[in-house]
Amino acid sequence: MAADLEAEVQAIDKSLLECSAEEIAVKWLQANDLQKEVYQHLAYYVPKIYCRGPNPAPQREDMLAQHVLLGPMEWYLCGEDPAFGFPKLEQANKPSHLCGRVFKVGEPTYSCRDCAVDPTCVLCMECFLGSIHREHRYRMTTSGGGGFCDCGDTEAWKEGPYCQKHELNTSETAEEEDPLVHLPEDMVARAYNIFAITFKYAVDILTWEKENELPGLEMIGKSDTYYCMLFNDEVHTYEQVIYTLQKAVNCTQKEAIGFATTVDRDGRRSVRYGDFQYCDQAKSVIVRNTSRQTKPLKVQVMHSSIVAHQSFGLKLLTWLGSVIGYSDGLRRILCQVGLQEGPDGENSSLVDKLMLYDSKLWKGARNVYHQLFMSSLLMDLKYKKLFAIRFARNYERLQSDFMKDDHDREFSIADLSIQIFTVPSLARMLITEENLMTTIIKTFMDHLRHRDIQGRFQFERYTALQAFKFRRVQSLILDLKYVLISKPTEWSDDLRRKFLEGFDAFLELLKCMQGMDPITRQVGQHIEMEPEWEAAFTLQMKLTLVISMMQDWCALDEKVLIEAYKKCLTVLMQCHSGFTDGEQPIVLSMCGHSVETIRYCVSQEKVSIHLPVSRLLAGLHVLLSKTEVAYKFPELLPLSELSPPMLIEHPLRCLVLCAQVHAGMWRRNGFSLVNQIYYYHNVKCRREMFDKDIVMLQTGVSMMDPNHFLMIMLSRFELYQIFSTPDYGKRFSTENTNKDVVQQNNTLIEEMLYLIIMIVGERFSPGIGQVNATDEIKREIIHQLSIRPMAHSELVKALPEDVLHLIGMALQEEKQHLENLSEENVVTFTFTQKISKPGEAPSNSPSILAMLETLQNAPHLEVHKDMIRWILKTFNTIKKLRESSSSSPVAETEGNIMEESTRDKDKAERKRKAEIARLRREKIMAQMSEMQRHFINENKELFQQTLEELDTSTSGDHENSPVISDAKLTALGPEQTRVAEPRQVVMCILCQEEQEVKVDSRAMVLAAFIQRSTVLSKNRNKITPDPEKYDPLFMHPDLSCGTHTGSCGHIMHAQCWQRYFDAVQAKEQRRQQRLRVHTSYDVENGEFLCPLCECLSNTVIPLLPPPRVLFNRLDFSGQPNLTQWIKTVSQQVKALHLLRNEDCASHSGHSEKMDQLQLPEGFRPDFKLKNPYSESIKEMLTTFGTATYKVGLKVHPNEEDPRVPIMCWGSCAYTIQTIERILADEDKPLFGHLPCRQDDCLTSLTRFAAAHWTVSSLSAVQGHFCTLLASLVPNEKNGNLPCILDIDMFHLLVSLVLSFPAIHCQDFSGVSLGTGDLHLFHLVTMAHIIQILLTSSTEENGMDQENTNSEEEVAVLTLYKFLCQCTGSALKEVSSGWHLWRNLKAGIMPFLRCSALFFHYLNGVPAPSEIQVNGANQFEHLCSYLSLPNNLTCLFQENSEILNTLIEGWCSNNEVKRYLEGKRHAISYARESNKLIDLPDDYSCLINQASNFSCPKSGGDKSRAPTLCLVCGTMLCSQSYCCQTELEGEDVGACTAHTYTCGSGVGIFLRVRECQVLFLAGKTKGCFYPPPYLDDYGETDQGLRRGNPLHLCKERFKKIQKLWQQHSITEEIGHAQEANQTLVGIDWQHL
Ligand SMILES: [Zn+2]
Ligand SMILES: [Zn+2]
Ligand SMILES: [Zn+2]
Ligand SMILES: [Zn+2]
Ligand SMILES: [Zn+2]
Ligand SMILES: [Zn+2]
Ligand SMILES: [Zn+2]
C-alpha cells in the first residue's frame, strides 16, 4: 500500500516536472481572464503537489511548488526569466533606509538608554554594531519573536537613527518620491494583476470555512481523502495531548510527541489521513478524551484538497513577502492591492479580512501573514499610515477577538499595536483623526463590566473566565501607554480637543476606581475570608505610569492643563457628592478656635485606599504652580470652588488608616489589608498613591487656617478627645489601665506627628519645593542607602523610575579604578585619601574615617553598623590595592585602624582555637577518668604515656616529621632515605575516640567520593566500550576516561561509619515511602553525606601505615643492575606461566613439565604470604576496591573480578595526574601547597592501592604484572599488547610498581623490593623518553637556537639517531640536539612530577626543600629526588646491553610504523592541560550565536533553550521534547545525554537565554550557578532581566574551571541541593 502510493507519487512528480514555467506564463500573458486561467492552474496542480499522504513532505512540496506554481508567476511578473528579472529589479531599486529586520525568537535586540525615544525602539545586532549607541548605555534583551529593527526610523531615536549601513541610503532619499517611477509601466500592470489574484486566493482559502467546497475553484480529481486536523490551544498540556493521541490514533509515544510538538509550534497538525469515517472516528475519540474537565481539544476533519490549497496559500504569502524584497515599487503595489476596498465597502480589503479573521486562524498561518504585514505595510511610509488607520478603526473588534482568543498576545494581530502606536507621528495622527485615546479607554471599560451599586469596579467573586479576561484586558493599558509615550511638541486645536476627550474617558475610568474595595474595621471576630484585593492593585500598578504620563501631557500646554484641572475637580465632586457622603456635620472647638467638619471615624466606617481621582487632582494642582499657570491665569481657574476640607478629607482618611494599622487596630482584618498598606507605600505604587496623598494634604493645608487643619487632623486620628480634655491623661490612667490602648494611642500620636513633619518638611516634588527631577532622585538614593548598602540593581529597583545612574558609591568607583589599573594609568580618584584626612583648621575635626571608627561601636547606631563596617572593609580593600599597585601614596594617618581590626580578627581566631583545644583536652580528661575507673592500676604507665602523646598531638605539630636537614633526599630505590614514620593517632568524628593507625588495629577510614572523569580527556568522541568486556589494564594516553577519588579528609572508625551508613539507609527508605522525594544523594548507590561537613561521598578509604615497610625485608648489598634484574624477573615470569599451564594440565594427570622447569634461584612460587592486616582493615580494603571498580567501570559490584586491583591502581594514578595538572596550571610548587584534605586523600589512596593486592587473588595480580611488564619487555606468552604509543606511561608505572610485590613476595634470592621499584621506574622512564622522541614534532624554526652543544644535547641526538636507525629512517631528520633536549625535558616533566608525588606518598620520604618552592633547576632536583641522572639519556648508555634490543622491539611494532608513515594519530607530549572553552568577552556574541542555532532534530527550527557545553563548546537544544533521547531506558534531555558522552555523567553548561550556568551530574543531580558574566556594576543578570551590557569576568570563569578541574562539580551540586531543597525536585534529566 505504502509502496503503491510512493510509486504513484513519483510518477506524478515526474509528469509535473515536465511542465514549463515559461510556457504557462506566456499563456497567462495572452489570457483574457487571467484570474480564471490562474485559478484553473491552481485547482489542477495544487492537490497534486500538496497533501499526497499522511505526512507532509516539505522539501518535495517546496521543490514542486517552485517549479510548477511559483515559477510561472515569477515568469509572468518579470516578463522574462526571473533569474535575470529579479536581480535587475534589485539593482534598479533604491533600497530603503529602514532596516526592518523581523526578529526571530531569541534573537538579541539592543536599545539605547540615552537615545531611544522609548524602550520599545530596538536595533538588530548588525545595525547596533554599526551604530553610535554601541558606545552609549545600551540595554540588550532577547526578542520573543515578532517585532522588527527600528534602524533608520528617525522618529525612534533622539540621536543616531542610522547605522553605518543604512546611513548610506539617506542622502538620496526624497521621502515623498513615488517608488513606482522606477518600474516599467507594463511591469506595474502585471504586478497589479498577479498580486491581486494571488493575494486574494491566499486570503480566501485561509479564511474559508466550508468543508466540501473551494472558493472559486473546482474540486478537481475529487479523491475522497481527508485529514483529521488537530489544533493548538493553551488549555491542554503537552502530556494530555500526547496521551490522548496515543489512544486516539494508535501511535507510539514518539510519534505522539512529534505531533504535539508540531501542533504547539505551528498551531495545527494532521494526525490521521484516510477516508472521512476513519478520520471522524479519531476526531470523536480525541474530543471525548479531552472534554472531561475543560473544553475539548479542537479537531476538524478536513478535505485534503482544502488542506492542500491552504498549504499553498501560506506558501504564496511567504513568496509575496520575498518578491517585494526586490523592489520598493513592488512593495507599494502589494500594499495598494492589500488595502484596496472590495465591492462590499468598509472592511472588505484583503488586509481587513485577514485582520478580522485573525483569532480564527491557527498559529502558523498567523505568523506567516503577520510577517508579510511587517515586511510590506509597515515598511512603506505611506501605507503604514493607511494601515494604521485601518488598524485603529478595527481596534475595538480586534481587541474583543483577542479577549476571546486563547492564544498568547504575541500570536495575535492585536500585538501590532506596539509597531504602530509607538511611532509618534502615527500616534498623534490617530489621536486627532481617529480619536484613538478615547477608543482604547472605552474598549477597556467595556470589558470590565462588573460594578458595584455606586458604579465602581468590583473584582470580588470573579469567575475564572472573568479573571482570564481581566488579565488579557490589561494589554490595553499598555496600548494607552504606547500612545502617550512621546509627548507632543506642538498642540493643534484638534489635538487639544481630542486629548481632552480622551482625558474625559480616562476620568470616567478613574471614577470607577475611586473608593473601590472599601474596607471596614473588623472588631470582635477575625475576618473569615481574606477579601480579594490584588486585582484592584494590579490595575493601579498598570495605570500608575499612564496617570503620570497624562499629567506630563497636561503640563505641556496651559489651556489643556486648565481644562483638565477643571474636569478633574468636577469628577471628584461627583464622586463624593460635595464632600460629606451624607455624614453629619459637627463643630470642633479647642483653645478658642472652632471649625466645622463632619462626624466620621476611620475605625468605624468604610474607608478605601483607592483614590485615583483625588490623587490625579493633587498632581495637576502641583503642576499649576510648577508651570505658574496659577499666577498667570487665576481667573481661569475654579479656585473659588475649591474646598480645602473636601480636598484633604479622603487622603487624610487613607493616611489615618495606615497609622491605625501600624498601631495594631486592624489586626482582625487579616493579611489582605497588610498587603494593601505595603503596596500603598511600595515603589511600584507610591508615586501615584502615598506621595500624592501627602501632596494633597500640603495643598489643602496651604489654603487653610493651620489651627483648623490641626483640629480636623486630631479628629480623624481619633485623638481629639485626648487633646481637648484637660487632665485626660491623669483620668485615663486611673480609670482605665488597659495597656494596649495606651500603646495604641502613643503610636497614633507618633504617627500623627510624623505626618505633620512630612507635610511641612517634604519639599522634594517639583511644584512644591524649588527642586528638579535630579534633586528628587538624589534624595531618594540617599534615603535608600541610609537603610542599608545595596547593589546597583537593587537600588535601581527601589527607585521610582529607572532613569538615573547611581550617583554615590564613590568607594566602589575607586576600587574599580584600581582594579582596572594598567601600567601607564595613574589613579586620580582618591576618595580614600580625602576621607582619611583630618579636617582643616580652624575646626580641626577628626577625619571622616576616624569618626566612622568611633561610631562603629556606638550603641545607638546599631542599625547602621553593617553599613559602617562595610565602608571600613571597602576602605581596607582599597588600601591594599593601592599598596600593591603603589602608584599613588596612601595617606598614612589613619592606616592603623584597619590593621587593628585585622589584628582583632587574628586574636579572635586564636581565642577560638584555644577554646576548641581546651574543650578537647577537657574531653580527653573526662575520658581518662572514665577509663581510670574501669581499669586496674597496672595500666597506669600506659595511661601516662598516652596522655603525654595526646598532649603533643593536640599541640598540633604531629606534622613535624623527623627533619633530615642536609642529607640528600631520595624517594625510592636501595638508596631511599630512611625515615621513621611518626606514630599516627587520629580521632573518629563520630564517636570522638582517638586511635592509632596500625596494621593490626581496627580500621580507620576517610569519607571518599569516587567518580568517573573526563577532565584530562584528549578524546571526547571515544565510544565507551562495553563495560562488561572492557579490559582496563592499559590506560590509553588520551586519558579519555579515568577514575578520580576525592575526600573531604574526615576520619571515622570503619565500624562507626558502617553504623552511620546503615542508619542513613534506613531513614531514607522510610522517607521515600512517606514523601516520595529525592534526596541530594543516592543512598541506593552507596552515597551518603560526610557526617561532619555534609560533603557528598560514596565510599571510604582505609588509613594505612606505609605498606612498603612491611615487605622490605633485606639489606641492600649486591643488588642486580637493570639488565640482570630484568633477566631474573623474566625467568620468574616464565616460571609462573609454565606453572599456570601445569595447573591446567595437572587435571589430566601429567606432571612431567614440572621437572623441566628450572625455577630461578630463590624463587618459591608455592610460598603463601600471611596477610599482615587486621580483619577490619582487610574488609575496608575490599570495600573501597570494589567501590572503585563499580564506579570506574559502571558495573555491578563484584569483589572477585580480577579487574578490581587494576581499577584501584588506575584511580591512584589518575588522581595523582589530575592534582599534578592543577598544581602546574596554578604555577604552584609540587610539594607543600596541597590542602590537608588532598594530602591526606593522596596518602591514603596511594597506600591503599599499594596494599590492595593482599586482598586479591595472588595469581591474578601476578598475571597483571606479567602482562604489564610484557608491554615493555616482550615474551612469547603475551602477544597483541598495545604499542608504546598507546600506553599512558604513568598509569603503567603505578600498576607495575603496585603489582610487583605479588611476585616479589615469593622471591627469596636477596633482591630488595626497592631495587625492583627503581628498575621498574627507570625502565618506564626510558620507554616514555622513546615515546616522547617518537611523537615530538620538532619544529626547528620556532625558537632561536643556541649553539651550546651540551653533553645532554649530544647524547639525546645520538639516541635520536639510533631511533632513526631502528625505524628505518621514518623519523624526521634533525641536525642538532638543542630542540630535542628541550622537547624531551618539557615532555617528560609531568611524568616526573607525578612520579615524585607517587613515590613520596608511597614511601613517605619528605620532599627536598627545593621542590617545595618554585625555584630554578626544578628538573635537576626532581631527578635527584627520583634517583635519576640529570642527563636522562645516561640511563640508556648505562643499560645499553638490554635497551638496544628493547628499543628495536618497540620500534618494530606495526602501529609505530603506521604512525611514522602518517597513517594514524598519536598523542604527543607534554599533553596540554584541558581548559573550559574560550568565552567571548561580550555576552551578546553568545546570544547571537545561540539565536543562529537551530534544533538539530526538527529541521531548522529555532531551539527554545540553546545551551552551550562549556567543556567542549557544543551547542545543544535543551529542555525540549524534540531533542530527547533514550539513555539507559529513560528519556533524557539533550544536556543529560551530552554529559554521558562528553563528561562521563558530569556537565557544565551555559544556558544562553537565561545567562545561567548549569551543573549536571548523573540523571538526578543538578543546580544552577552564577554565570561568569557581569555588568558594569559587578552584578550578574540571571534571566537577563535588566539587560545591562555583560562582560566576561575572568576570575569567576576561572573559579568555575577550577571546580571542574578539581572534580568538585558533584560536590557543589550536593551542597546547593542541601541548601535549597527545591532544587531536588527539578527533573534535571529533562534539561
Ligand atoms: Zn537592523
Ligand atoms: Zn541599520
Ligand atoms: Zn545612544
Ligand atoms: Zn568511631
Ligand atoms: Zn567531611
Ligand atoms: Zn561537551
Ligand atoms: Zn531540539
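At 29% relative accessibility, C1093 counts as partly exposed. That residue is a good doorway into this structure, which is a predicted model. C1093 helps to hold a zinc ion, so let us look at its partners. The protein donors of the zinc ion (ligand 5) are the SG atoms of C1048, C1090 and C1093 together with ND1 of H1050, and they lie 1.9 to 2.3 Å from the ion. How are the 4 donor atoms around this ion arranged? They subtend angles of 107 to 112°, which makes the arrangement tetrahedral. Reading along the chain, you will find these donors with the spacing C-x1-H-x39-C-x2-C. C1048 sits in strand 11, while C1093 sits in the loop between strand 12 (1088-1089) and strand 13 (1096-1097), so this pair ties together parts that are 45 residues apart in sequence. Is C1048 buried or exposed? With a relative accessible area of 10%, C1048 is buried, whereas C1093, as you saw, is partly exposed.

Strand 11 now leads us from the zinc ion to a sheet. Here 3 strands form an open sheet in the order 11-10-14, with antiparallel pairing. Its edge strands are strand 11 (1042-1053) and strand 14 (1099-1102), each of which pairs on one side only. Neighbouring strands of the sheet are turned by 40° against each other on average, direction ignored. If you follow strand 10 (residues 1004-1013), you can see it pair with strand 11 over 9 bridges in the antiparallel sense. One spot to look for is I1010, which stands opposite T1045 in strand 11.

Helices also meet this sheet. Helix 46 (residues 1175-1193) packs on it and touches strand 10, strand 11 and strand 14; the direction of helix 46 makes about 15° with that of strand 10. Helix 48 (residues 1236-1251) lies across strand 10, strand 11 and strand 14 as well, running at about 105° to strand 11. Does the length of helix 46 fall into agreement or disagreement with what its residue count predicts? At 1.5 Å a residue, its 19 residues should span 27 Å, and its end C-alpha atoms are 27 Å apart, which agrees. Just after helix 46 comes K1194, whose phi is positive, near 60°.

Another helix to visit is helix 44 (residues 1122-1146), where you will find H1137. This histidine is buried, with a relative accessible area of 18%. What does H1137 touch, leaving aside its neighbours within four places in sequence? It is in contact with C1266, N1275, K1277 and N1278.

Further along the chain there is another zinc ion to explore. The zinc ion (ligand 7) is coordinated through the SG atoms of C1495, C1517, C1522 and C1523, at 2.2 to 2.3 Å. The 4 donor atoms around this ion subtend angles of 98 to 125°, which makes the arrangement tetrahedral. Their spacing along the chain is C-x21-C-x4-C-C. C1495 lies in the loop between helix 59 (1483-1491) and strand 15 (1506-1509), and C1517 lies in strand 16 (residues 1515-1517), so the pair ties together parts that are 22 residues apart in sequence. Both C1495 and C1517 are buried.

Ahead of helix 59 is a loop that joins it to helix 58 (1454-1460), and L1479 is found there. Its relative accessible area is 11%, so L1479 is buried. Not counting residues up to four places away in sequence, L1479 touches L1486, L1508, L1510, P1572, Y1573, L1592 and F1597. One of these contacts spans a long stretch of sequence: L1479 and F1597 are 118 residues apart along the chain, yet their C-alpha atoms are separated by 9.0 Å.

To finish, let us go back to lower residue numbers. Strand 6 (residues 585-590) and strand 7 (residues 593-598) pair in the antiparallel sense over 6 bridges, and M590 stands opposite H593 in strand 7. The hairpin made by these strands has 2 residues between them, and in it C591 takes a positive phi near 50°. Our last stop is S486, placed in the loop between helix 21 (464-485) and helix 22 (493-511). With a relative accessible area of 12%, S486 is buried. Which residues does S486 touch, not counting those up to four places away in sequence? They are V117, P424, R428 and W553.

Key:
Residues numbered from 1 in each chain as written. Chains lettered and ligands numbered in written order. Predicted model: local features only at pLDDT ≥ 70, side-chain atom pairs only at ≥ 80, totals over all residues. Heavy atoms only, no water. Pairing = 2+ DSSP bridges. Helix = DSSP H or I, 4+ residues; strand = E, 2+ residues; numbered from the N terminus. Axes fitted to C-alpha atoms, helices over the stretch in contact; angles between N-to-C directions. Contact = heavy atoms within 4.5 Å. Donors = N, O, S within 2.8 Å, 3.2 Å for Na, K, Ca; no water. Tetrahedral: all angles 85-135°; square planar, octahedral: opposite > 155°, others 65-115°. Buried < 20%, exposed > 50% of the residue type's maximum accessible area, 1.4 Å probe, protein only. Expected span 1.5 Å × (residues − 1).
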